[in-house]
Amino acid sequence: MMTSVDTDLIRVLADPLRLRIVTLLAREALCTSHLVEETGARQTNLSNHLKVLREAGVVETEPCGRFTYYRLKPDVIEALAGQFAALAAAARASADSKRACP
């Protein structure tokens, strides 16, 4: 049984600022102004990172007047966690298995 993990999503989440954004959005929906305040990053930098997260399907947007709120899509994170759980289960199941050297 070969288990693979979504490497594109891992690359998206591997960036420290994007991971920080995801962590903040796990607690509540936030707009760019909130994220600037929380992270200290520039608005243009945050907007670029939010675009990457949106395109990867990690966050969704909700217009609210002249602001846009960002919300984490928990199903995407759960799916990735499930892939890692399956990988860990495969490692446990094959803990005593090793391939003979040629």
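The side chains of Arg71 and Glu62 are joined by a polar contact of 2.5 Å. This comes from a predicted model. Arg71 belongs to strand β3, which covers residues 67-72. A second topic here is the packing of helix α1 (residues 7-14) and helix α5 (residues 74-93).

**Arg71 and its surroundings**

- Arg71 counts as partly exposed, because its relative accessibility is 36%, and partly exposed lies between the cut-offs of under 20% for buried and over 50% for exposed.
- Neighbours within four places in sequence aside, Arg71 is in contact with Ala29, Val58, Val59, Glu60 and Glu62.
- Glu62 therefore appears in that list of contacts and also shares the polar contact of 2.5 Å with Arg71, where a polar contact is a pair of N or O atoms within 3.5 Å.
- Cys31 is 40 residues from Arg71 in sequence. In space, the C-alpha atoms of Arg71 and Cys31 are 9.0 Å apart.

**Helix α1 against helix α5**

- The two helices, α1 and α5, pack at an angle of about 115 degrees. Their axes are 11 Å apart.
- That angle makes α1 roughly perpendicular to α5, because 65 to 115 degrees counts as roughly perpendicular.
- The crossing of α1 past α5 is left-handed.
- On the α1 side, Leu9, Ile10 and Leu13 make the contact. On the α5 side, Val76, Ile77, Leu80 and Phe84 do so.
- By class, this contact of α1 with α5 has seven nonpolar residues. Polar and charged residues are absent from the contact.

Key. Residues are numbered from 1 along each chain as its sequence is written. This is a predicted model: local features need pLDDT of at least 70, side-chain atom pairs count only at pLDDT 80 or more; totals for chains, interfaces and linings use all residues. Side-chain values use heavy atoms; hydrogens and water are left out. Axes are lines fitted to C-alpha atoms, for helices over the stretch in contact, and angles run from 0 to 180 degrees between N-to-C directions. Helices (H or I, at least four residues) and strands (E, at least two) are DSSP runs, numbered from the N terminus. Angles under 35 degrees count as roughly parallel, over 145 as roughly antiparallel, 65 to 115 as roughly perpendicular and the rest as oblique. A crossing is left-handed if the near helix is turned anticlockwise from the far one by less than a right angle, and right-handed if clockwise. Contact means heavy atoms within 4.5 Å. Ala, Val, Leu, Ile, Met, Phe, Trp, Tyr, Cys and Pro count as nonpolar, Asp, Glu, Lys and Arg as charged, and the others, Gly among them, as polar. Buried means under 20% relative accessible area, exposed over 50%, partly exposed in between (1.4 Å probe, protein chains only). A polar contact is a pair of N or O atoms within 3.5 Å; within protein, one must be able to donate a hydrogen and the other to accept it, and residues adjacent in sequence count only if both atoms are side-chain atoms.
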